[in-house]
There are 2 protein chains.
Amino acid sequence: MPFFCYFENEFHPLDAPLLKTNDLGLLRGYALFDYLRTYNGIPFQLKAYWNRFTQSAKSLNLEVPLTYEQVQEVMAQLYRFSGEAEIAYRLLLTGGYAPDGMTSIKPNFMIRAEPLSRENPVSRRNGIKVIPYEYVRDMPLVKTTNYIHAMVMSQTLREQGASDLLFHKEGRVSELTRSNVFIVKNSEIITPDRDVLKGITRQLVIDKASQLFPVHEKSISLSDFLQADEAFTTSTTKGVMPIVKVGEQVIGDGNPGPISKTLQAVLEEVYKNYGK
Amino acid sequence: MPFFCYFENEFHPLDAPLLKTNDLGLLRGYALFDYLRTYNGIPFQLKAYWNRFTQSAKSLNLEVPLTYEQVQEVMAQLYRFSGEAEIAYRLLLTGGYAPDGMTSIKPNFMIRAEPLSRENPVSRRNGIKVIPYEYVRDMPLVKTTNYIHAMVMSQTLREQGASDLLFHKEGRVSELTRSNVFIVKNSEIITPDRDVLKGITRQLVIDKASQLFPVHEKSISLSDFLQADEAFTTSTTKGVMPIVKVGEQVIGDGNPGPISKTLQAVLEEVYKNYGK
């Protein structure tokens, strides 16, 4: 499975040394990215990801050097090279090479084709544990590359058998490190309205769930979260993933709830039929 | 002037493509660095920088793969290659290559020899303008690569003829984006005690200034700062650099004050005689 990385009008093997060490993404965290995948070989909701990516770039005063059409072309080529049925794409835009370690002259833009991350199917069936963590992301609307808390805490997560951190600050829950959160209380679905990345899967779940249940975008306190009937997280790689434990506190009866399972099934159906 | 980058037991030209694009410093901001320079060809206070670097690495659960002695050896070699009288060094440690984009297996460590950044001598004589900016650095004690606010604001700074941002949060001043701050009030010198990077030059100034004036490490409010008799910033590249304007507010009489100038002279003397 030959996966490639597009960079500066060329396709490079995925593990080729490509980047000079004065890239501002590396030296100054001046970078943003997005991550999406194919269903039925087609980049899922590419336009939505692209809009978020270009909006993020604008927020960071970075210009994306390719048009939507050019990116589609590159992605199609990366897909053909891969020979796989389904792949993931990572778009990465940095401040580019800085002769002085600080000044952005011309952004670096790359698109990596990657093997799909293998989510543990047991997690999807049984749900995951998360650990509460007092933090709110800086620039929450922008998909920057700042994941240092998730990285530093990775060993603690492993030790505690947890999958992720649940960010909360001043009593309000925002998100996990790389995915949005929802709770279910009395058959109503609630997801935080602020200090969150506007997830593509989050929006898809809001749209689909609204046809079946009341859905509210509003503040969720940490105690609301702990006392929810159900909780789940949503992301490109996770779809709808039940959260059954927060620290040592069991959510609901400790099993994925009926609404979480319904929404999992709804999303599966969307994915299965995408592009057909 | 051939400057090189040490990486994985080899010396590479400074602008060689070296890094694979799945480095966690690039993808997840999982990286720290330090930056120092030579005086009289000798890395200035290397032990202090090294201690800070290894402490930062520990805070981020990253292991530095070289010993102090090995790093000294590499730095000496980089200096010889350069053929320059004085150079700068950038040490960079990242979470390394992640097959899955998240998991750190083995850190990447590099040491770049760099030409000295050319500070404008006029700035040192006339002082600089900074812009107040509401923010406090995440993990202020750790020299991570997160400088995204400085990067995003760089155009605004240029437009306003300002050199840097003055971080303040909840009424308290902490630091500039890459350097510490001091104020002088009634011949007493004050520098913030918390939410700041413990700068090597900051400590040197505290040590030297204490022999001449009362020096206090304590909280500075934004209004204290604006009403100071003098203000200055300290860093490896800037030494003691007077701050004469915060936004449109003039500090003191708008010129570098006598204590700032005294400390500039004291540091010049230290630098001039280093290693002699």
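A residue is called buried here if 20 or more other C-beta atoms lie within 10 Å of its own, exposed if 12 or fewer do, and partly exposed in between, with C-beta atoms placed from the backbone. This is a predicted model, in which local features need pLDDT of at least 70, side-chain atom pairs count only at pLDDT 80 or more, and totals for chains, interfaces and linings use all residues. Residues are numbered from 1 along each chain as its sequence is written, while chains are lettered from A and ligands numbered from 1 in the order in which they are written.

**View 1. Helix α3 of chain B has a buried side and a face turned away from it that carries exposed residues.**
Helices and strands are DSSP runs numbered from the N terminus (H or I and at least four residues for a helix, E and at least two for a strand). Looking away from the buried side of α3(B), you'll find the exposed residues B:Glu69, B:Gln70 and B:Arg80. On the buried list are B:Val71, B:Val74, B:Met75, B:Leu78 and B:Ser82. These buried residues fall within an arc of 100° seen down the axis of α3(B), so they line one face of the helix; the arc is that of the directions from the helix axis to the C-beta atoms. Their cover includes β1 (4–7), β4 (42–43), α2 (46–59), β5 (88–94) and β6 (108–114) of chain B. Right after the helix comes B:Gly83, with a positive phi near 70°.

**View 2. Here is α3 again, this time in chain A (residues 68–82).**
The 15 residues of α3(A) should span 21 Å at 1.5 Å a residue, and the end C-alpha atoms are indeed 21 Å apart. (The expected span is 1.5 Å times one less than the number of residues.) Buried in α3(A) are A:Val71, A:Val74, A:Met75 and A:Leu78. They cover an arc of only 100° around the axis, which puts them on the same side of α3(A). That buried set packs against β1 (4–7), β4, α2 (46–59), β5 (88–94) and β6 of chain A. A:Glu69 and A:Arg80 are exposed on the face turned away. Just past the helix, A:Gly83 has a positive phi of about 70°.

**View 3. A:Ile111 is among the residues with the most contacts inside the largest nonpolar core.**
A nonpolar core is a set of buried Ala, Val, Leu, Ile, Met, Phe, Trp, Tyr and Cys residues joined through C-beta atoms within 7 Å. The largest one has 140 residues, and A:Ala231 and B:Ala231 join A:Ile111 at the top for contacts inside it. Two residues are in contact if their C-beta atoms, placed from the backbone, lie within 7 Å. Skip the neighbours within four places in sequence, and A:Ile111 is in contact with A:Tyr6, A:Val71, A:Val74, A:Met75, A:Leu78, A:Tyr89 and A:Leu91.

**View 4. Helix α9 of chain A takes in residues 258–272.**
With 15 residues, α9(A) reaches 21 Å from its first C-alpha to its last, close to the 21 Å expected. Its buried residues are A:Ile259, A:Ser260 and A:Leu263. These cover an arc of only 100° around the axis, which puts them on the same side of α9(A). They pack against β10 (180–185), β11 (188–191), α7 (200–210), β13 (230–235) and β14 (239–246) of chain A. Turned away from that side are the exposed A:Ala265, A:Glu268, A:Glu269 and A:Lys272.

**View 5. Two loop residues of chain A, A:Asn40 and A:Ser187, have a positive phi without being glycine.**
Most residues other than glycine have a negative phi. A:Asn40 has a phi of about 55° and sits in the loop between β3 (31–39) and β4 (42–43) of chain A. It counts as partly exposed, with 13 C-beta neighbours inside 10 Å. A:Ser187, with phi near 65°, lies in the loop between β10 and β11 of chain A. A:Ser187 is exposed, having 12 other C-beta atoms within 10 Å.

**View 6. Chain A meets chain B, with 33 residues of chain A in contact with 33 residues of chain B.**
On the chain A side, the elements giving two or more residues are α1 (24–28), β6 (108–114) and α5 (148–152). The most comes from α1(A), with 5 residues. By class, this side has 16 nonpolar, 11 polar and 6 charged residues. (Ala, Val, Leu, Ile, Met, Phe, Trp, Tyr, Cys and Pro count as nonpolar, Asp, Glu, Lys and Arg as charged, and the others, Gly among them, as polar.) A rotation of 180° with 0.0 Å of shift along its axis superposes chain A on chain B, RMSD 0.0 Å. The two copies are thus related as by a two-fold rotation axis. The same surface serves both copies, as 100% of the contact residues of chain A recur in chain B. Superposition is by least squares on the C-alpha atoms of residues with pLDDT of at least 70 in both copies.
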